[in-house]
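Reader: I am in my first year and would like to learn how to read a protein structure with a bound nucleic acid. Could you take me through this one in questions and answers?

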Amino acid sequence: MEEKYVPSAVEEKWQGYWAEHKSFKANEDPSRKKYYLLEMFPYPSGKIHMGHVRNYSIGDVIARFKRMQGYNVLHPMGWDAFGMPAENAAIQNKSHPAKWTYENIAYMRGQLKTLGLSYDWDRELATCDLDYYKWEQRIFLEMYKKGLAYKKSSAVNWCPKCETVLANEQVEDGCCWRCDSPVQQKELEQWSFRITNYAQELLDDTYKLTGWPERVLTMQRNWIGRSTGCEIDFPLENGLGKIKVFTTRQDTLFGATFMSLAAEHPLALDLASDAQRAEVAAFIDKVKKTDRIKRGAEDLEKEGVFTGSYCINPVTSTKMPIYLANFVLMDYGTGAVMAVPTHDQRDFEFARKYNLPLKVVIQPEGETLDPATMTEAYTAEGIMANSGRFDGMGNADAKEAIADFLEKEGIGKKTVNFRLRDWGISRQRYWGNPIPVINCDLCGVVAVPEADLPVVLPMDAEFTGEGGNPLARVDSFTTCTCPQCGETARRETDTMDTFVQSSWYFLRYCSPKFSAGPLDREKVEAWMPVDQYIGGIEHAVLHLLYARFFTKVLRDLGYCNVDEPFSNLLTQGMVIKDGAKMSKSKGNVVDPNALIERYGADTARLFSLFAAPPEKDLDWSDQGVDGSYRFLNRVWRLVYDVLPVIGEAGSVNPGELGAEAKKLRRAVHKTIKKVSEDVEERFHFNTAIAAVMELVNAIQAFAAKDAPENVAVVREAVESVVRLLAPFVPHFAEELWFQLGHASVLEAAGWPGYDAAAVVDEEVTVVIQVNGKLRSKLTVAPDAKEEEIRAQALADDKIKPYLEGKDVKKVVYVPGKLVSIVVA
RNA sequence: GCGAGAGUGGCGGAAUUGGCAGACGCACCAGACUUAGGAUCUGGCUCCUCACGGAAUAGGGGUUCAAGUCCCCUCUCUCGCACCA
């Protein structure tokens, strides 16, 4: 054994061994329990960053731990490889996105291998591989045939810098989630997935996801945004039609005194009287422009304009003026709101501003509201008033009663409304999966026939950065014949949102080479669902909601039988340095390469696991890394030092140990117990590692290491340290295990179990409190009688002075823990 | 504004069920070995106090023999949502 720990030599050796033996290849094996472990796959941006190191180190601990426990572990890795940075790089370097992407993948794959992560590399996939995206095209067409993929013209979020459409989820603070440019509104024909068909199931199933963090589920539930209420028709005064509203407050219907429409409402301009027309048109224009910048801006003043038309409140028959209002959103509900200023704060402000009538229909108990003196809307519970036959009811009951009444009268009906919108997947970019349809002047949209699939991305596109989608300028691609009528037609040039690819890659990993379809059902059933998924919290809604949706769609298309893809979700925190997220502009980036070169992968892994529990942000500290490195060196030296004496040691004979040796052995087994629990039940790797450090300190403090009667205990202790460290620092542990003379690898050795008899304490410390303050301690046998301990506590030399001249009111005894004496 | 989470030494963090607050590591201090130390080893290290002891888990109140942990109020920070009718 080398005296000095040389990480590069050790790591090279074992990485070579693992590659050569395909140590992490996963095969279906019904005789063993399966465990599918997955970390979110990276975008091949060029090189890995510390966030990746952390994410994948966490995953690797679990993978290796589960393997040592005997599970059949599937642990795959791949590349989320389509997307704009590749296209931007192509423009800059006058190159091709494919070249850039595959070069990055090659480099980053090398980096991941350098970290010693235990992936089954035979399952590696890149979403830009034809062999991946062609199957997605097939899924798309099946969705199209079922009406789950459709084309519609709509106002979309448009990023002027990326020159592409963004889903609502991809707009953050009115800006593009990727490049941060202000998002504009634009009317465009685009493809969508009908995720709203699954809104209810996506919501319901959040309650089955008991292994997910509550805040992720809350975010998804809020995003889906289910609310129950009524749709109510308000006839126009002129008798020419009606306005449909959605409300959750049908109990306030009798108090509706005016109507507010979104500026984009289809009737907005039609309703304008001649006198109001100019003003209405100007308002619509203004709102649309505001929209572009930031309609959701804080405290945007409520503004509106009278259309000049009226509708009729269907239950009171009063005339209600129709306004356009800037706070009414076209894409929620029906784009029209019945305004009840007395019981809705927005309507209240609007009514005060434009002098509209107020009518109280809910009175708080023991109080009478007067519309003339109200300073804000009353939105809480109360008793119905001015509401005809519903007067006197509690408003909660009236909600139900009025809904029934509306249905009976044919004025309205109960409905459920969701905030969730359909998922717009069209992107006007080249580097994505081409949507496999053809636009024919005669036949309209025609699906590409299955025999003509796949639609291959042409390699001869030009990347100039100008003129929008490069794909649209490749004539050989766009020009085609209509499969239906045979006339010349134009191929669709929109590509799919990259979130589509990441919505089913975890399924494809189960049968990555399957050539008869996207998924081999048998394999999928063998591995799915993912037992543990690990990734950043930033995907709480986007990726994780889409992936859940897609899984359900694939289930309904008959590809799998899974309802939910991820049984357990771990959202790891960010890597922070000097109080900020690592970024080039802050100059606080730590380069994994430099770290590995200087300390080795094991130290990099160890520190990123030790510095904080996985779900918390990790504060990077260069000195902390030194500490982790020192620890490994200490363990190496310990093994080096004791190796000559423990080489021939047999197994421990617990009955023949001296007191000190017994104590060491107890520490060993207690540590095994604690590390097992910390890793298995809590993923608290920081405390697990701390426990091993304590054990190492204890071994070092154990004086008579080389006494013949102790060598077996020392060997057991040292070997336990090595085995317990295996998931965290795999190369390091494997090498020491080898040096300790083992012919087989650590995985074969398995995760150590603890000896229940060895962890039992020979004596326990019982603390003695007087009036809640710690005054003394007793050392007693674990099976000491309660009376004895109580008596000893009261007779204790340090306790006596506190009892003198006082009454002992009460003595509380907690077995094996403490005696609490209350005196007065 | 609404919702969720957090606040513990100089720092990262422990304390799993209400039972010895500060495990483990970093930094720092002292000592040993040493030509030397950014290596290694030993010891110290919350604050106040010479000490006995006392105080302390953002602040205030409460429950309890006992509170970092449970309850109420206030403050601060982080994240998510933000006119969703």
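Reader: Which oxygen of RNA strand B is 2.7 Å from an N or O atom in the side chain of Lys302, one of a base or one of a phosphate?
Author: This is a predicted model, in which local features need pLDDT of at least 70 and side-chain atom pairs count only at pLDDT 80 or more, while totals for chains, interfaces and linings use all residues. Residues are numbered from 1 along each chain as its sequence is written, chains are lettered from A and ligands numbered from 1 in the order in which they are written, and side-chain values use heavy atoms, with hydrogens and water left out. A polar contact is a pair of N or O atoms within 3.5 Å, and within protein one must be able to donate a hydrogen and the other to accept it, with residues adjacent in sequence counting only if both atoms are side-chain atoms. For Lys302, the partner in RNA strand B at 2.7 Å is a base oxygen.

Reader: Which part of RNA strand B lies 3.1 Å from a polar side-chain atom of Arg775?
Author: Lys810 may be taken beforehand, since an N or O atom of its side chain is 2.9 Å from a phosphate oxygen of RNA strand B. For Arg775, the atom of RNA strand B at 3.1 Å is likewise a phosphate oxygen.

Reader: Which helix gives the most to the surface near RNA strand B?
Author: A residue is near a strand if one of its heavy atoms lies within 4 Å of it, and of the 47 residues around RNA strand B, Thr247, Thr248, Tyr332, Arg346 and Lys674 come nearest. Helices (H or I, at least four residues) and strands (E, at least two) are DSSP runs, numbered from the N terminus. With six residues, the helix that gives the most to this surface, spanning residues 685-701, is α20.

Reader: How many charged residues does the surface near RNA strand B have?
Author: By class, Ala, Val, Leu, Ile, Met, Phe, Trp, Tyr, Cys and Pro count as nonpolar, Asp, Glu, Lys and Arg as charged, and the others, Gly among them, as polar. On the RNA side, 65% of the atoms within 4 Å of the protein belong to sugar or phosphate and the rest to bases. On the protein side, there are 18 nonpolar and ten polar residues, and the number of charged ones is 19.

Reader: Which strands stand at the edges of the open sheet with the order β21-β20-β23-β22?
Author: Two strands pair if DSSP finds at least two bridges between them, and the pairing in this sheet of four strands is antiparallel. One side of each edge strand is left without a neighbour in the sheet, because each has a single partner strand, and these edge strands are β21 (444-447) and β22 (479-481).

Reader: What is the bridge partner of Ile438 in β23?
Author: Strand β20 (residues 437-440) pairs with β21 over four bridges, and the two form a hairpin with three residues between them. Two bridges join β20 to β23 in the antiparallel sense. The partner of Ile438 in β23 is Arg491.

Reader: Why is the pair of Tyr132 and Trp504 called stacked?
Author: Rings of Phe, Tyr and Trp (its six-membered ring) pair if their centres lie within 6.5 Å, and planes under 30 degrees apart count as stacked, over 60 as edge-to-face and the rest as tilted. The structure holds 47 aromatic pairs. In this one the centres are 4.4 Å apart, and the pair is stacked because its planes stand at 15°.

Reader: Is Ser317 buried or exposed?
Author: Buried means under 20% relative accessible area, exposed over 50%, and partly exposed in between (1.4 Å probe, protein chains only). Ser317 has a positive phi of about 65° although it is not a glycine, and its place is in the loop between β11 (304-312) and β12 (319-325). Because its relative accessibility is 55%, Ser317 counts as exposed.

Reader: How many of the ten residues of helix α17 are buried?
Author: Helix α17 (residues 601-610) is largely enclosed by the rest of the structure. Its buried residues include Ala601, Arg605 and Phe607. Out of ten, the number buried is nine.
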